[in-house]
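The exercises below concern the structure shown here. Each task is followed by a solution that proceeds step by step.

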Amino acid sequence: MTVWANWVGNQSFEPREVASVSTEAEIRELVAAAAAHGSRVRTVGTAHSFTPIVETDVLVDTSAMRGIVDVDEQRLVARALPKTTIGDFGEPLWERGLALANQGDIDTQAIAGAVATATHGSGRRFPSFSAMLESARLVDGTGQLVEVTRQANPDELAALQTSIGMMGIMTELTIKVAPAYLLHARTDIMPFAEVLDTFQHDIDAYRHYGLFWMPPDESARLYNLEGAGADDCVVKRYLEVDDATRIELEPHRRIDRAYRIYPMTYDPNFHEVEYFLPLERWRDILVEMRRLMLRWHPLSIYPLEIRVVAGEDAWMSPNYHRENLVVSISGQPGAHYWPYLRACDSLFAEFSGRPHWGKLHFMTADRLARLFPRYEDFLEMRHRFDPAGVFLNDHLRPLFG
């Protein structure tokens, strides 16, 4: 029996069947058969989710469906197969004078998974990958091939953009791209108090902004953040530049093509929780998170990561019609970290925190109904695309069944 596990090993299961596919016809046949026999079907990107969203009876492996199909420089869009990674877009787009408008610090996720879970980068003018989706082809819960476009099916697209794989298996995605650009990246170590003084200016002035705060001295080594100690922040600020030759670089400064600047190297020895909180409350949130994490040491030894992200129209995106402060915390593998994570969740709830769908969270259907204004509309749309619940599993059914 094949055992599937995610990238950090906190989720694993034994699917009844692993089906490798390379065509839409194969996916249609699999889904139709599953629907007829009452089986569940899920697909997997690159196993970067910390939640059990992949667990299923029939696990569909789309590894053969990878690559960029077409690039339209005039419309600023690129068509890609579902297993195409974020990193795969870098060189081919650059050769056409284009780039992804934004991305996070891991570039190995599959584009279909990144879109479906509202995976994101940073910057208050830039939404998640969900918002980049312009159209998609997918196999729905009856085995039918469906095409959803922004122009013809705006509501369907708004539901599909962050659907966690519950409306179907995407076979081709068209995403919005941008003209190619260079980034000037600077990394500084700053005391927490100084970050509070400069935060509002920095999120307005820089294209991208993010930080890691260290509770104790030993936090920095967990993410290879050299030179930072207790109550320090490692602050990352990026500006777009036109001409790299005119800038004299200082230590901890880099200029390069955007897709080379974004990625970081991680040793994935952590289990992550990430919530999205209203950006206008940033000061209160940062102060309260620092206070909470200092109380919970040593369970809170991992750095606190903070980013900002723009609002968007995807119904189940945590950024639906709201600019957010993104708060990421981690639990240490092998430790009983749940009381600490639940304490953080209680604080996030005070600020109407919405979850990242690929990270650990404590959501219930009642909470989702309060947090997402289009929740009921999404349930109706999900049911229309998958009336038998083929794409649900034990984790998703209580939330969206």
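**Exercise 1. Two residues with positive phi**

I164 occupies the loop between α5 (154-160) and β11 (169-176). The model is a predicted one.

Task: State the phi of I164 and determine whether this residue is buried or exposed.

Solution. Step 1: the phi of I164 is near 55 degrees, which is a positive value in a residue other than glycine. Step 2: the relative accessible area of I164 is 4%. Step 3: buried means under 20% relative accessible area, and I164 is therefore buried.

Task: Carry out the analysis for N224, stating its phi and whether it is buried or exposed.

Solution. Step 1: N224 is located in the loop between α7 (219-222) and β15. Step 2: its phi is near 55 degrees, again positive in a residue other than glycine. Step 3: the relative accessibility of N224 is 58%. Because exposed means over 50%, N224 counts as exposed.

**Exercise 2. The five-stranded sheet**

Task: Give the strand order of the open sheet formed by five strands, and identify its edge strands.

Solution. Step 1: the order is β6-β7-β11-β9-β10, with antiparallel pairing. Step 2: β6 (68-72) and β10 (145-149) are the edge strands, each pairing on one side only. Step 3: from one strand to the next, the twist averages 15 degrees.

Task: Describe how β7 is joined to β11, and which helix packs on the sheet.

Solution. Step 1: β7 (residues 77-80) runs antiparallel to β11 and is joined to it by four bridges. Step 2: within this pairing, A80 has L173 of β11 as its bridge partner. Step 3: the helix that packs on the sheet is α1 (residues 24-37), which touches β9 (133-139), β10 and β11. The direction of α1 makes about 60 degrees with that of β9.

**Exercise 3. The eight-stranded sheet**

Task: Set out the order of the eight strands and explain why β16 and β20 are each left without a neighbour on one side.

Solution. Step 1: the open sheet has the order β16-β13-β15-β14-β18-β19-β17-β20, and its pairing is antiparallel. Step 2: β16 (253-257) and β20 (354-355) stand at the edges with a single partner strand each, so one side of each has no neighbour in the sheet. Step 3: inside the sheet, β13 (residues 182-191) and β15 (residues 232-241) run antiparallel and are joined by ten bridges. Step 4: I189 stands opposite V234 in β15.

**Exercise 4. Helices across the sheet**

Task: Establish which strands α9 and α10 lie across, and how each helix is directed relative to β19.

Solution. Step 1: α9 lies across β14 (208-213), β17 (271-278), β18 (304-309) and β19 (324-331), running at about 10 degrees to β19. Step 2: α10 lies across β17 and β19, running at about 170 degrees to β19.

Task: Characterise the packing of α9 against α10.

Solution. Step 1: α9 (residues 282-295) and α10 (residues 338-350) pack at an angle of about 160 degrees, their axes being 11 Å apart. Step 2: this angle makes α9 roughly antiparallel to α10. Step 3: their crossing is right-handed. Step 4: E288, M289, L292 and M293 of α9 meet Y340, A343, C344, L347 and F348 of α10. Step 5: the residues of this contact comprise eight nonpolar, no polar and one charged.

Task: Characterise the packing of α6 against α9.

Solution. Step 1: α6 (residues 192-205) packs with α9 at an angle of about 165 degrees, with axes 11 Å apart. Step 2: α6 is therefore roughly antiparallel to α9. Step 3: the crossing of α6 and α9 is right-handed. Step 4: α6 contributes F192, L196, F199 and Q200, while α9 contributes W282, R283, L286, V287 and R290. Step 5: by class, the contact of α6 with α9 has six nonpolar, one polar and two charged residues.

**Exercise 5. Two further loop residues**

Task: Locate L100, classify it as buried or exposed, and list its contacts beyond four places in sequence.

Solution. Step 1: L100 lies in the loop between β8 (98-99) and α3 (111-116). Step 2: its relative accessible area is 6%, and L100 is buried. Step 3: its contacts, leaving aside neighbours within four places in sequence, are I86, F89, L93, F129, I175, V177 and Y181.

Task: Determine whether the peptide bond from H297 to P298 is cis or trans.

Solution. Step 1: P298 is in the loop between α9 and β18. Step 2: omega for the bond from H297 to P298 is near 15 degrees, and the bond is cis.

Technical notes. Residues are numbered from 1 along each chain as its sequence is written. This is a predicted model: local features need pLDDT of at least 70, side-chain atom pairs count only at pLDDT 80 or more; totals for chains, interfaces and linings use all residues. Side-chain values use heavy atoms; hydrogens and water are left out. Axes are lines fitted to C-alpha atoms, for helices over the stretch in contact, and angles run from 0 to 180 degrees between N-to-C directions. Helices (H or I, at least four residues) and strands (E, at least two) are DSSP runs, numbered from the N terminus. Angles under 35 degrees count as roughly parallel, over 145 as roughly antiparallel, 65 to 115 as roughly perpendicular and the rest as oblique. A crossing is left-handed if the near helix is turned anticlockwise from the far one by less than a right angle, and right-handed if clockwise. Contact means heavy atoms within 4.5 Å. Ala, Val, Leu, Ile, Met, Phe, Trp, Tyr, Cys and Pro count as nonpolar, Asp, Glu, Lys and Arg as charged, and the others, Gly among them, as polar. Buried means under 20% relative accessible area, exposed over 50%, partly exposed in between (1.4 Å probe, protein chains only). Two strands pair if DSSP finds at least two bridges between them.
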